[in-house]
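Thank you all for coming, and please have the sequence and the model open while I talk. I will go through a few local features one after another, and I will try to say for each of them where it sits and how much of it is covered.

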Amino acid sequence: MSTAAPQPSELELHIAPVRKGQVLAWAAWDWGSAAFNAVMTTFVFTVYLTSSAFGGSDHASSVLGLALGIGGLLIALLAPVSGQRSDAGGRRKLWLGIHTAVVALLTGLCFFAYPRPEFLWYGAGLIAAGHVFSELAGVNYNAMLEQIATPKTIGRVSGLGWSAGYFGGIVALLLVLVLFVQPVFHWFGSSTAESLNIRLVAVFSMLWIVVFSVPVMVSVPEVRRRRAAKLGVVASYALLFRRIRAIWQTSPHTLYFLIASAVFRDGLAAVFTFGGVIAAGTFGFSLSQVIFFAVFGNVVAAVGAILGGILDDRIGPKRVIVGSLIGLLIAGFAVLALGNGTYDLGGFTWPGAATFWVFGLFLCLFVGPAQASARAYLARLAPDGESGELFGLYATTGRAVSFLSPTLFSLSIAVATPLVASGQAQRWGILGIMVVLLAGLLVLLPVRPPAKVATAVVPEL
């Protein structure tokens, strides 16, 4: 293994001015991915999958959590080598396109998830598989951040990407609302027979993903090829382990951050994955109400991501992440403690819906900055030409523990079920998510800011 001094990061070597067209094209992919993340996973299709048509919210929520946990383990095995090989072959953009196409296909197949209990595992399985390929696409997408940002703009560009995803979610959700859920005119897609209108949302989402993935494929150049040698799968994993050892020896805080972010990012993902499910199952929101909340929530999250990106460039990503996690814990505790109860506050009535609207929006506000700054933190430390592999490790460490939130969500529901009234157990799934966020915060606190972390040595083949 090489014992050379740490090399400059890929970001430090990129000193060319940022091209706004490439930044916008890159952010457009995040806009398109919102159809899977917001429409399918969070606010529409998983709400449909956890409805009474599939066996009730408690049972269906547990099945969905288990399926997502299995998908997370697959991501942990595949992501780093996927990033490594795309780095080596100069094929970041190619693999971004391939994995995005698979996500679109899996999304379209959700059309055949009919509203019957026997289709629960089919629908949950497609959503989980979509998560696998969406994460693999995200490895290459995140690595491209090095190609379109500079050290002075990394926080803002990363925040712009996340905000584009949120705004894309807003537009997509509004179109879903007026075309399918509460159609403003009658057409065949508005039929509720066999939940046709909701199943057609999957087709709409597939097309949305495809259309908005085109700009990045056209505008952002492919990364240069780094190595001529072609490695088999076993050799790729052997090289991966050598690199992990090199990171541990030359830049241990990079690994510390990967571990800490793995935990808190799993909690962040769970906030959105189960947010719509909790709104419907615990607080009695109808699907249209869930979508209205989603629209406002995405606006707040987008604003939070933009403001967080600006703060990131000024005060550093660690402070942004710590502040965001504390805000998430406070808001999550309020939702758990107050529940769907109605309270008399000195003559003012506080209904359960107000609890979810107020503190749910606070959750949205803090998720965006934490996500954007976590990505920007790691991008500052990626060795030249190794961003894909490092973001692969980012995905792997995240998904290596991605069973935590879904499992603790499901476990909390299972433990609460015999102890609370029927239909009230789902609320306690929030506790499992909060435990994960708190654990991530505690592990992050001793990690140094990126300005005090050396870039790792990259061992030779």
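**A walk through the predicted model**

Let me begin with helix 4, residues 57–89, which gives the most to a nonpolar patch on the surface, namely 5 residues. Please keep in mind from the start that what we are looking at is a predicted model. The patch is formed by Leu-66, Ile-70, Leu-74, Leu-77, Leu-78 and Trp-121, and together these residues have about 590 Å² of accessible area. If you would like one residue to look at, take Leu-66, which is found in helix 4 and is partly exposed, because its relative accessible area is 48%.

From nonpolar side chains I move on to aromatic rings. How many aromatic pairs does a search of the whole structure find? The search finds 24 of them, and I will show you two. One is the pair of Phe-204 and Trp-208, whose rings are 5.6 Å apart from centre to centre, with 35° between the planes, which makes the pair tilted. These two residues are separated by about one helical turn, because they are 4 residues apart in helix 9. Are they buried or exposed? Phe-204 counts as buried, since its relative accessibility is 14%, and Trp-208 counts as buried as well, at 9%.

The other pair is Phe-285 with Trp-357, where the ring centres are 6.5 Å apart and the planes meet at 35°, so that this pair is also called tilted. Here the pair links distant parts of the chain, for Phe-285 is in the loop between helix 12 (275–281) and helix 13 (287–315), while Trp-357 is in helix 15 (residues 352–379), and their positions lie 72 residues apart in the numbering. Phe-285 counts as buried, with a relative accessibility of 8%, whereas Trp-357 is partly exposed, with a relative accessible area of 27%.

Some of the aromatic residues also come together as a group, because one aromatic cluster is formed by Trp-31, Phe-180, Trp-187, Phe-188, Phe-204, Trp-208 and Phe-212. A ring can have a charged neighbour too, and in this model Arg-199 lies over the face of Phe-111, at 4.6 Å from the ring centre.

Next come the salt bridges, of which a search of the whole structure finds 5. In one of them Arg-116 is joined to Glu-118, and the closest N and O atoms are 3.4 Å apart. Arg-116 counts as partly exposed, at 30% relative accessibility, whereas Glu-118 is exposed, with a relative accessible area of 56%.

In another salt bridge the side chains of Arg-156 and Asp-313 meet, with 2.9 Å from N to O. This pair links distant parts of the chain, since Arg-156 is in helix 8 and Asp-313 is in helix 13, 157 residues apart. Both partners are partly exposed, Arg-156 with a relative accessible area of 44% and Asp-313 with one of 23%.

Which other residue forms a salt bridge with Asp-313? Arg-380 does, and in that bridge the closest N and O atoms are 3.7 Å apart. Once more, distant parts of the chain are linked, with Arg-380 in the loop between helix 15 and helix 16 (387–400) and Asp-313 in helix 13, 67 residues apart. Arg-380 counts as buried, at 18% relative accessibility. Taken together, salt bridges that share partners join Arg-156, Asp-312, Asp-313 and Arg-380 into one network.

Now a word on the cysteines. How many disulfides does the structure hold? It holds 0. For comparison with the other residues, let me add that Cys-110 counts as buried, at 1% relative accessibility, and that Cys-364 counts as buried, at 5%.

I will end with the backbone, in the loop between helix 8 (154–181) and helix 9 (196–219), where we find Glu-194. Glu-194 has a positive phi of about 55°, although it is not a glycine. Ser-195 lies in the loop between helix 8 and helix 9 too, and its phi, near 55°, is again a positive value in a residue other than glycine. How covered are these two residues, buried or partly exposed? Glu-194 counts as partly exposed, because its relative accessibility is 39%, while Ser-195 counts as buried, because its value is 17% and the limit for buried is under 20%.

How values were computed:
Residues numbered from 1 in each chain as written. Predicted model: local features only at pLDDT ≥ 70, side-chain atom pairs only at ≥ 80, totals over all residues. Heavy atoms only, no water. Buried < 20%, exposed > 50% of the residue type's maximum accessible area, 1.4 Å probe, protein only. Phe/Tyr/Trp six-rings, centres within 6.5 Å; stacked < 30°, edge-to-face > 60°. Lys NZ or Arg CZ within 6 Å of the ring centre and 35° of its normal. Patch = residues over 30% accessible without salt bridge, like charges linked within 9 Å, V, L, I, M, F, W, Y side chains within 5 Å. Areas by Shrake-Rupley, 256 points an atom, 1.4 Å probe, with all protein chains shown as cover. Salt bridge = Lys/Arg side-chain N within 4 Å of Asp/Glu carboxyl O. Disulfide = S-S within 2.5 Å.
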